[in-house]
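Could you walk me through this structure, from its sheet to its ligand? I would like to follow it one element at a time.

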Amino acid sequence: MQNITVIGAGIMGGGIAYTSALNNFRVVLHDISEDRLEKSKSEIERLANNSEKRGFITIEQKHHLLENIRFEISLEKAVAQAQLVIEAIIEKMNLKIELFKKLDSLCSDETILATNTSSLSPTEIGSQTSRPEKVAAMHFFNPVHKMKLVEIIRGLETSDETIEIIKTVSEQLGKESVEVNEFPGFVTSRMNVLIGNEAMNMLMEGVASAEDIDKAIKLGLNHPMGPLEMGDLVGLDTRLSTLEYLHKTLGEKYRPSPLLVKYVKAGRLGRKSGRGIYDYQ
Ligand code: NAD
């Protein structure tokens, strides 16, 4: 395995591309938006420069990783050599299915198709392709270059071989992996969105300020990040999409907080829009 194509140059796609290139894969990063591709290129260069300045990577590694990534607006060209495709577009099933149908027709029969979905069903995505045994979820965490875990989700038809290849690639990316049988939200999102949603409800009810809710959870419960700052990091729109899906599939306790819905309607999406629960401008 040498060639990875990442689809979607947002928060996660950029991070997956960076980490893959740093670990000697040849990476093509594709997005439907030229603007997003350019922003992602600058972000990857900024991260590489910072990592080099802080001594996390050498100057040779920096050059090597930047040389290893190609930014490509044509989907057909982006997947021409791909052995593994990692999809990281927005969390909407209809868009993911539309994309996987295209990937299925454009990629070689051998190519493994992975989704970085936070909650959706790789079985459903795989069923829309002619290769459900080669489809699984490969769930990375934000920021990808720092977070140690890849949660690997086996769809109903995913083959043992596909799971083994994804485990090996995860190791080559310097990650630990866990294997999870498909169920909405897997292990991590199912737990995490519940904590984040409860924090939004507490903020709405005036239980405490955002700063104090985050401080209480960090210092009192020993979480490395507060749930509200985590929501801003993930993106409140992404968080809302996950909650809507878990509300539909797992029931009432996942009903999105009205305050979260209001923030998303206002375009306050978190760090990526400059303002969410906190202000980043
Ligand atoms: P994002 O909004 O930052 O980026 C999504 C990107 O996908 C955008 O650049 C958009 O232009 C692009 N895109 C949309 N449709 C496309 C298409 N058809 N083809 C190519 N590109 C397309 O989103 P994100 O936060 O990076 O999330 C991506 C995926 O990763 C989602 O499924 C999300 O649930 C999952 N995820 C997110 C996080 C997180 O912390 N943000 C963590 C784990 C998993």
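The paragraphs below start with the sheet, go on to some helices and loops, and end with the ligand.

Please keep in mind that this is a predicted model. A good place to begin is the open sheet, in which eight strands follow the order β3-β2-β1-β4-β5-β6-β7-β8. The pairing within this sheet is mixed. At its edges are β3, residues 69-72, and β8, residues 176-181, each of which pairs on one side only. On average, and with direction ignored, neighbouring strands of the sheet are turned by 25° against each other. As general background, strands of a sheet pair through backbone hydrogen bonds, either parallel or antiparallel.

Now look at β1, which spans residues 3-7. In the sheet order, β1 stands between β2 and β4. With β4, residues 84-87, β1 pairs in the parallel sense over four bridges. Val6 is the residue that stands opposite Ile86 of β4. On the other side, β1 and β2 also pair in the parallel sense, here over five bridges. Thr5 has Val28 in β2 as its bridge partner.

How many of the five residues of β1 are buried? Five of the five are, so β1 is largely enclosed by the rest of the structure. In a regular strand the side chains alternate between the two faces of the sheet. You can follow this along β1: Asn3, Thr5 and Ile7 point one way, while Ile4 and Val6 point the other way, and all are buried. Both Val6, opposite Ile86, and Thr5, the partner of Val28, therefore belong to a strand that is largely enclosed. Its neighbour β2 is mostly covered, with four of its five residues buried.

Moving from the strands to a helix that packs on them, find α2, residues 34-53, which lies across β2 (26-30) and β3. The helix runs at about 160° to β3.

Further along the chain is α10, made up of residues 227-234. This helix is mostly covered, since six of its eight residues are buried. The buried ones are Pro227, Leu228, Glu229, Gly231, Asp232 and Leu233. Which helices do these buried residues pack against? They pack against α1 (11-22), α8 (188-205), α9 (210-221) and α11 (236-250). Just after α10 comes Gly235, with a positive phi of about 110°.

Gly235 also appears among the contacts of Leu269, a residue in the segment after α12 (258-265). Leaving out residues up to four places away in sequence, Leu269 touches Asp232, Gly235, Leu236, Asp237, Val264, Arg275 and Gly276. One of these, Asp232, is a buried residue of α10. Leu269 and Ile90 are 179 residues apart along the chain, and their C-alpha atoms are separated by 13 Å.

The loops have some backbone details that you may like to inspect. Asn24, in the loop between α1 and β2, has a positive phi near 75° without being a glycine. Is Asn24 buried or exposed? At 55% relative accessibility, Asn24 counts as exposed. Asn222 is another residue that is not a glycine but has a positive phi, here of about 65°. Asn222 sits in the loop between α9 and α10, and its relative accessibility of 68% makes it count as exposed. Elsewhere, the peptide bond from Asn142 to Pro143 is cis, with omega near 0°. Pro143 is in the loop that lies between β6 (135-139) and β7 (149-154).

Finally, turn to the ligand, which is surrounded by 24 residues. The closest of them are Met12, Asp31, Glu91, Lys96 and Ser118. Which residue places a polar backbone atom 2.8 Å from a nitrogen atom of the ligand? That residue is Val234. Two side chains approach oxygen atoms of the ligand: a polar atom of Arg36 lies 3.4 Å from one, and a polar atom of Lys272 lies 3.3 Å from one. The protein covers 91% of the 840 Å² of accessible area that the ligand has on its own.

Notes: Residues are numbered from 1 along each chain as its sequence is written. This is a predicted model: local features need pLDDT of at least 70, side-chain atom pairs count only at pLDDT 80 or more; totals for chains, interfaces and linings use all residues. Side-chain values use heavy atoms; hydrogens and water are left out. Two strands pair if DSSP finds at least two bridges between them. Helices (H or I, at least four residues) and strands (E, at least two) are DSSP runs, numbered from the N terminus. Axes are lines fitted to C-alpha atoms, for helices over the stretch in contact, and angles run from 0 to 180 degrees between N-to-C directions. Contact means heavy atoms within 4.5 Å. Buried means under 20% relative accessible area, exposed over 50%, partly exposed in between (1.4 Å probe, protein chains only). A residue is near a molecule or strand if one of its heavy atoms lies within 4 Å of it. A polar contact is a pair of N or O atoms within 3.5 Å; within protein, one must be able to donate a hydrogen and the other to accept it, and residues adjacent in sequence count only if both atoms are side-chain atoms. Accessible areas come from the Shrake-Rupley method with a 1.4 Å probe; for residues, only the protein chains shown count as cover.
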